[in-house]
Amino acid sequence: MLKLFSQSVGITDFMRLNPYSGKNNPAYFLPYNGYFGIPAISNMNFSFFNSGLQINKFIVRDNHGKVIRFTPNKFVNSLSKNNWFNSDVNFEILGLGFRIGKSFFSLSYQFKMEERFRYSKDLFRFIFQGNLAQDGNGKYLYTEATPAILEISPNLNIYQEIGIGFQRQILDKLYIGVRPKILFGLINFHTDSFQAKIWTNPDDFTIYGNYNVAMKAASVFPFYKIENSEIILGTEYSDYRNLAKHIFSKNLGFAIDLGTVYRINQQIRVSASVTDLGFISWKGTPLQMGVNSMDVEWKEFSGFQSEQIMNFIRNGFDFNFDSLINTVNNNFYLEPAINYSTSLTSKIMLDCYFDLTPSNRFIIQGKGYILGKNFLPQLTLAYNGTFFNIFDVVVSYSMLKKSFANLGVGLGVRLGPLHLYTGTDNVFAAVNLLNARKINATFGLLFDFPVIKRIKEPELNSLFQSQTEKSEKAKKQTPEKQEKKPKQKTSESIETTV
């Protein structure tokens, strides 16, 4: 089971007037009797995360923007042990929700694309510094006991999702939410292993190592056929009626979102959720490919320095990899695969909300993305202001792995029943796209009801004294104290915030 990375645009998490705030936690209270998304544009998201490939770490430009030299060592030193290059695109084809009594139900049909590419620091350190790289004490880095791990892990997942959400207040202070989802896989590319271990003989500097490559692919669109026991890749297909049936039956999966919200008092609430807990079973023309694991021996490799890189750009790449390529070709295999499964990236979220006034809210949120054996944490501080039941404003600051300059802004506007919103978690990315670690944007257009005012949350009766308790307390007080004491508001007269 391989977990694919998906980083959602989090700015909508903090928009109180936005029905899609419940995507991060299905237990969030929605201040409407119902909403209806405009098909295909009600909720559109794009996300990109790059933890390592920073252009400004690799090149130096002059005052006119011309590249004057490369700095491979600076680039290598800026990398982590494991680095990520990930993207996520999704849009909602159909979305709606409605309230029945104290319960709120929602329906969503979405198209999603998730891409994840992980690579090791040693991959670029070996390429740029060679097998004779040394540590600060003059010892060789790559020995048989401590080999270089040259690893990449490309993955792609394209699928459809149909979810049915349910949210309800079950106690005075407690809300719960659940969203089961059926998944229909379209295309998958899955890496089991793409790794080489390399070390150097310190006597003659010969490179030794071994490698293992194993990948799988599957698609609802047939992309190969077998003729005379030989696999022939191709996408020719004519039975589109049968294909339409397979889109919703061939690669089935299931996922679930779970959430809860607990209100400590009228100003403070805490919440927790687990989302995208699920998998897809791939049965559509699965194929496996790879290179059989074996030991290799190669000549000394001193790495590519700045002058060589400039020469490659000017004159082309002429390094001789023939022996290595021949070894790979002789051990390459391509064959039909048995059915396999991939799991979605599960997201864990904890947050705390503080309402300074009914219109001004402050939030601290911790979110974690589980990526196979890796965990990517994110911490966000946010402000949300809601004004005149028209404007929904968000300002946020978030931190995650090697990414600290993330200032987010979001704006929602309600014009009658029409609700328009947009936002991003990183406004700085717009002025420095090639060096941004995090880029994302969201946009949506929908209708929500009622138009004039919002639906208020039921009052939390347990937070206030009952009429009996107030009467008994009043009897113990002297008449003088009762006359001087201002009249207390009943629980019915206290308006809660949303």
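This report covers the overall make-up of the chain, a sheet region around strand β12, residue F184 and a nonpolar surface patch.

**Overall make-up**

The model is predicted. The chain holds 498 residues, and 48% of them are buried. Its secondary structure comprises seven helices and 23 strands. Contacts reach far along the sequence: among those between residues at least 6 apart, 71% join residues at least 24 apart. The accessible surface is about 24700 Å². Carbon and sulfur atoms account for 62% of that surface.

**Strand β12 and its partners**

Strand β12 spans residues 252-263. Its two faces differ in cover. G253, A255, D257, G259, V261 and R263 make up the covered face. L252, F254, I256, L258, T260 and Y262 make up the uncovered one.

β12 pairs with β8 and with β13, as tabulated here.

| Partner of β12 | Residues | Sense | Bridges | One bridge pair |
|---|---|---|---|---|
| β8 | residues 174-200 | antiparallel | eleven bridges | K181 and A255 |
| β13 | residues 268-282 | antiparallel | ten bridges | T260 and A272 |

The bridge pairs draw on both faces of β12. A255, the partner of K181, belongs to the covered face. T260, whose partner in β13 is A272, belongs to the uncovered face. β12 and β13 also form a hairpin, with four residues between the two strands.

**F184 in strand β8**

F184 lies in β8, the strand that pairs with β12 over eleven bridges. Is F184 buried or exposed? F184 is buried, because its relative accessibility is 8% and the cut-off for buried is under 20%.

Leaving aside neighbours within four places in sequence, F184 contacts Y159, Q160, I162, I247, F248, S249, N251 and L252. Of these, L252 sits on the uncovered face of β12. I158 is 26 residues from F184 in sequence. The C-alpha atoms of F184 and I158 are 8.9 Å apart.

**A nonpolar surface patch**

Six side chains form a nonpolar patch on the surface: V395, Y397, F404, L407, V409 and F428. Together they expose about 500 Å² of accessible area. Strands β20 (391-400) and β21 (403-415) each supply at least two of the patch residues. Which strand gives the largest share? β21 does, with three residues.

L407 is found in β21. Why can L407 be called partly exposed? Its relative accessible area is 31%, and partly exposed covers the range between under 20% and over 50%. L407 also qualifies for the patch on accessibility, because patch residues need over 30% and L407 has 31%.

Conventions. Residues numbered from 1 in each chain as written. Predicted model: local features only at pLDDT ≥ 70, side-chain atom pairs only at ≥ 80, totals over all residues. Heavy atoms only, no water. Patch = residues over 30% accessible without salt bridge, like charges linked within 9 Å, V, L, I, M, F, W, Y side chains within 5 Å. Areas by Shrake-Rupley, 256 points an atom, 1.4 Å probe, with all protein chains shown as cover. Salt bridge = Lys/Arg side-chain N within 4 Å of Asp/Glu carboxyl O. Buried < 20%, exposed > 50% of the residue type's maximum accessible area, 1.4 Å probe, protein only. Contact = heavy atoms within 4.5 Å. Pairing = 2+ DSSP bridges.
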